[in-house]
Structure formats: C-alpha cells, structure tokens
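Me: I've just opened this one and I'm new to it. Pick one strand, please, and take me through it slowly, then through whatever surrounds it.

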Amino acid sequence: MSFEINIISVAQEQPVNFLGNSRVQLRSELTCGDVMRYYKIWPVFCNTRGILYDIVVEDESGLSWSFPICDSDFSHKAPANIPSYIPDDAAYNLTPLIIKNDFIGDVKSIIHLLIKSSPVKTILFQTRYQDGDFEVIQGTYCETDFLEKLQQGELMFNVCYVVTDAAPL
C-alpha cells in the first residue's frame, strides 16, 4: 500500500525549502492546469491556488514516498459522527493517521513553515492511501489544535484539513 502526505500552501507563488534534521524531504509542484494528479477525485483540493508539497523520505533504492513517515490502524473503525453525505465505502477508509515518532518533529515543523509561507496563512493538509477516494474536507483548525491532534493520532487518513495560523472566529 502507498501513503501520501500532501499539503497546499494556499496562495503561495514561490516554493520554500525545508532543511530538517532527518531524512524528510519536501517536494513541490504548482497547483495549476493539467499537472494535478488527483483533479477528478479531489477537485476542491486541486483547484486551490498555491503550491502543492509532498512530504517524503527517500529509501535505499532511491524511491521517494511517505510510507516510512506514517502508518494507520486499519482495524480502527471510522468515527461514529461521520456526516451522512459521506458514502459508506468512503467512511470505511477513514482510518487514523499515525505519524511515526522519528518523523513527527519534522512534519510539525513543515506544517508550521508552510502556514507561515502562505500569504493567507492557510494550508490544506491531505493524506491518502490507495483505496476508496472521496473528497472529504474538514476545517477549519488553528495550527496549535491541528498539531496537537496530529501528535495524538486524532486525525484521519483520506481527509483534507484546512489549517490556519489563527483560531477560527
């Protein structure tokens, strides 16, 4: 199975670099035109102006992917409060996002960097694995609350979270 950690730094026009202490890398691509890989399954995410980043680690074979950074508990049932507009097959794929201890510090630093780099101080944070794609958007979290939920394993795979540097009104 393949995991992805994707972040759009909303309204950002020039990519930034991350120089952390681990093997974590930040890859970027512009979010415009036909370069969007997931336009049909994540239309709101893909139509958001900004720069798309992938958080990855390069393995010994030279492949860059998110699999070494995160995991999920596939035996965990989806939360009971899933909105009724989300089909059962999509709800089935809402499993906990677990960032491994070796990488949590760098992932949190990247999130902070990309929020601060966004002209509107907002990111879209989306994780996915290969199964049952359906666009589920959860927002808005302030950075502090979001990072706490990330640390505690309270976020879900296959959900796009709107995260900003300020608490919502």
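Reply: Let's settle one bit of vocabulary before looking around: a residue is buried if its relative accessible area is under 20%, exposed if it is over 50%, and partly exposed in between. Keep in mind too that you're looking at a predicted model.

The strand I'd pick is strand 7, which covers residues 122-129. Eight of its eight residues are buried, so by that yardstick the strand is mostly covered. Its side chains go two ways: Thr122, Leu124, Gln126 and Arg128 point to one side, while Ile123, Phe125, Thr127 and Tyr129 point to the other. Whichever way they face, they are all buried.

What does strand 7 pair with? One partner is strand 1 (residues 3-10), which joins it in the antiparallel sense over seven bridges. To find that pairing on screen, look for Ile5, which sits opposite Thr127. Another partner is strand 9 (residues 160-164), again antiparallel, with five bridges. There, Phe125 has Tyr161 as its bridge partner.

Stay with strand 9 for a moment, and look at Thr164, which lies in it. Thr164 has a relative accessible area of 14%, and because that is under 20%, it counts as buried. Its side chain reaches back to the backbone oxygen of Lys121, at 3.0 Å. Leaving aside residues up to four places away in sequence, Thr164 touches Lys121 and Thr122, along with Ile115, Thr140, Tyr141, Cys142 and Glu143.

Now back to the bridged pair, Phe125 and Tyr161. Both are among the residues with the most contacts inside the largest nonpolar core, a set of 39 residues. The others on that list are Ile55, Ile99, Ile111, Phe146 and Leu150. Strand 7 and strand 9 each give two or more residues to this core, and so do strands 1, 2 (24-30) and 3 (50-58) and helices 2 (88-92), 3 (101-117) and 4 (143-152). Helix 3 gives the most, with seven residues. As for Tyr161, it touches Ile123, Leu124 and Phe125 on strand 7, and its other contacts, beyond four places in sequence, are Gln138, Tyr141, Phe146, Leu155 and Met156. Apart from this core lies another, of 10 residues, and Leu124 belongs to that one, as do Val10, Cys46 and Leu52.

That's the covered part, so what about the charged residues elsewhere? Side chains of opposite charge can pair when their charged atoms come close. The whole structure has five salt bridges. One of them joins Arg27 and Asp54, with the closest N and O atoms 3.5 Å apart. This pair connects distant parts of the chain, since Arg27 is in strand 2 and Asp54 in strand 3, 27 residues apart. Here the vocabulary from the start comes in handy: at 36%, Arg27 falls between the two cut-offs, so it is partly exposed. Asp54, at 7%, counts as buried.

Arg49 and Glu13 form another salt bridge, with their closest N and O atoms also at 3.5 Å. They are 36 residues apart: Arg49 is in the loop between helix 1 (43-46) and strand 3, and Glu13 is in the loop between strand 1 and strand 2. Both ends are exposed, Arg49 at 51% and Glu13 at 57%. Last comes Glu154 with Lys149, whose closest N and O atoms are 3.4 Å apart. Here both residues are partly exposed, Glu154 at 47% and Lys149 at 26%.

Methods: Residues are numbered from 1 along each chain as its sequence is written. This is a predicted model: local features need pLDDT of at least 70, side-chain atom pairs count only at pLDDT 80 or more; totals for chains, interfaces and linings use all residues. Side-chain values use heavy atoms; hydrogens and water are left out. Buried means under 20% relative accessible area, exposed over 50%, partly exposed in between (1.4 Å probe, protein chains only). Helices (H or I, at least four residues) and strands (E, at least two) are DSSP runs, numbered from the N terminus. Two strands pair if DSSP finds at least two bridges between them. A polar contact is a pair of N or O atoms within 3.5 Å; within protein, one must be able to donate a hydrogen and the other to accept it, and residues adjacent in sequence count only if both atoms are side-chain atoms. Contact means heavy atoms within 4.5 Å. A nonpolar core is a set of buried Ala, Val, Leu, Ile, Met, Phe, Trp, Tyr and Cys residues joined through side-chain atoms within 4.5 Å. A salt bridge is a side-chain nitrogen of Lys or Arg within 4 Å of a carboxyl oxygen of Asp or Glu.
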